Amino acid sequence: MKNLLVILLCLVLSSCKDDANKPKSSNPTNTILKGNVFGTSYKVIYNSNKNYQKQFDSLFYVLNKSLSTYQRNSDISKINRNEDVEIDEHFFKVFEKSKKIFNETGGAFDPTIGAVVNAWDFGPEKEIIGLDSLKIDSLMLSVGFNKVSISNNRVLKKAETFLDFNAIAKGYGVDVLGEFLESKNINNYLVEIGGEIKTKGINVEKDSRWKVGVEEPNFEHKQIIFKAVSLLNESMATSGTYRKFKVDENGNRYSHIIDTKTGYPSKTNLLSISVVTESCMVADAYATAFKTMGLDKAKSFLETHPELKVYLIYENDNNEFETLSLNGFPEY
């Protein structure tokens with residue numbers, strides 16, 4: 001997913017400074033650390049004067065080494081080349097959660113769709129030239145997370161199967177940084193990676209809940225806040241089609257989210273799906289799954305999953321925005 005959420009800087013950062021070694025004052029202050037990781041940006045805001053940049057960099061290194069399909073020496077890249085790899089705890093946790101969500105969504109969330117994503121030139125591998133229905137059908141034979149398992153800390157899969165956890169890994173990275181901060185007894189923080197967000201406690205400088213925003217869907221790459229959201233001890237992730245797409249010679253726009261049943265870019269009127277729940281990893285994965293499901297199936301699914309608070313932005317028959325808030329999605 002792309003940066004589909006924007007922290008409302010005017011609300012949460014107006015009295016913050018990027019210098020981690022700020023002088024002490026009588027008022028509570030935050031530390032802000034930021035940079036680039038996972039092909040996107042990150043920002044961490046927390047109530048402490050300690051600088052944990054080195055620790056964050058170490059965690060990012062370990063996560064990339066385990067889960068990044070964009071690094072040739074990562075564990076997942078080696079597994080995709082069918083090399084013998086003993087997986088680490090991060091890979092195992094992401095794998096197990098992915099399996100659970102794959103089963104619950106009837107395969108709408110499927111990390112084995114990676115080879116097809118690559119074929120449409122949305123992934124780390126080269127585009128397949130002359131892509132046609134026969135090639136897609138052939139690639140789909142290797143798709144199906146139910147065909148992949150773990151035994152003795154090794155991944156068992158078909159040789160052709162390509163694993164890709166990019167639809168859940170950023171959210172997992174957010175959770176990992178949050179767990180680290182809590183291990184340091186820091187209980188007021190906001191972690192954001194590529195728009196995926198986890199909050200704990202409050203923004204002490206504002207003495208209020210953390211305020212974040214959902215972007216307005218548009219294809220001009222403009223960042224405009226569509227809806228403000230207030231979070232307390234919750235995570236939020238968003239998936240959509242308006243940031244990452246391709247246009248063919250006939251002007252047809254193709255979504256980067258591939259339908260796991262057909263192998264083609266998903267075609268629904270859903271433009272943006274924001275999911276709020278406790279775990280950012282879970283929110284990340286479900287946001288992708290609902291985009292694949294489409295509006296009606298997502299609504300039906302959420303009737304039996306009240307723990308997932310969801311905000312949908314979609315186009316009606318007149319190409320106008322409509323919104324739907326489900327399961328108590330938080331307001332500003």
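**Exercises on a sheet and two loop residues**

S2 and S3 run antiparallel and are joined by seven bridges. The model is predicted: local features need pLDDT of at least 70, side-chain atom pairs count only at pLDDT 80 or more, and totals for chains, interfaces and linings use all residues. Residues are numbered from 1 along each chain as its sequence is written, and side-chain values use heavy atoms, with hydrogens and water left out.

**Exercise 1.** Determine the strand order of the open sheet and its edge strands.

*Solution.* Strands are DSSP runs (E, at least two residues), and helices are H or I runs of at least four, numbered from the N terminus. Two strands pair if DSSP finds at least two bridges between them. The eight strands follow the order S2-S3-S6-S7-S10-S13-S14-S15, with antiparallel pairing. S2 and strand S15 (321-326) are the edges, each pairing on one side only. Within the first-named pair, Ile32 has Ile45 in S3 as its bridge partner.

**Exercise 2.** Locate Phe38 and Asn152, and state the sign of phi and the exposure of each.

*Solution.* Phe38 lies in the loop between strand S2 (31-37) and strand S3 (40-46). Its phi is positive, about 55 degrees, although Phe38 is not a glycine. Relative accessible area is classed as buried under 20%, exposed over 50% and partly exposed in between (1.4 Å probe, protein chains only). Phe38 is partly exposed because its relative accessibility is 25%.

Asn152 lies in the loop between strand S4 (149-151) and strand S5 (154-156). Asn152 also has a positive phi, near 55 degrees. Asn152 is exposed, since its relative accessible area is 69%.
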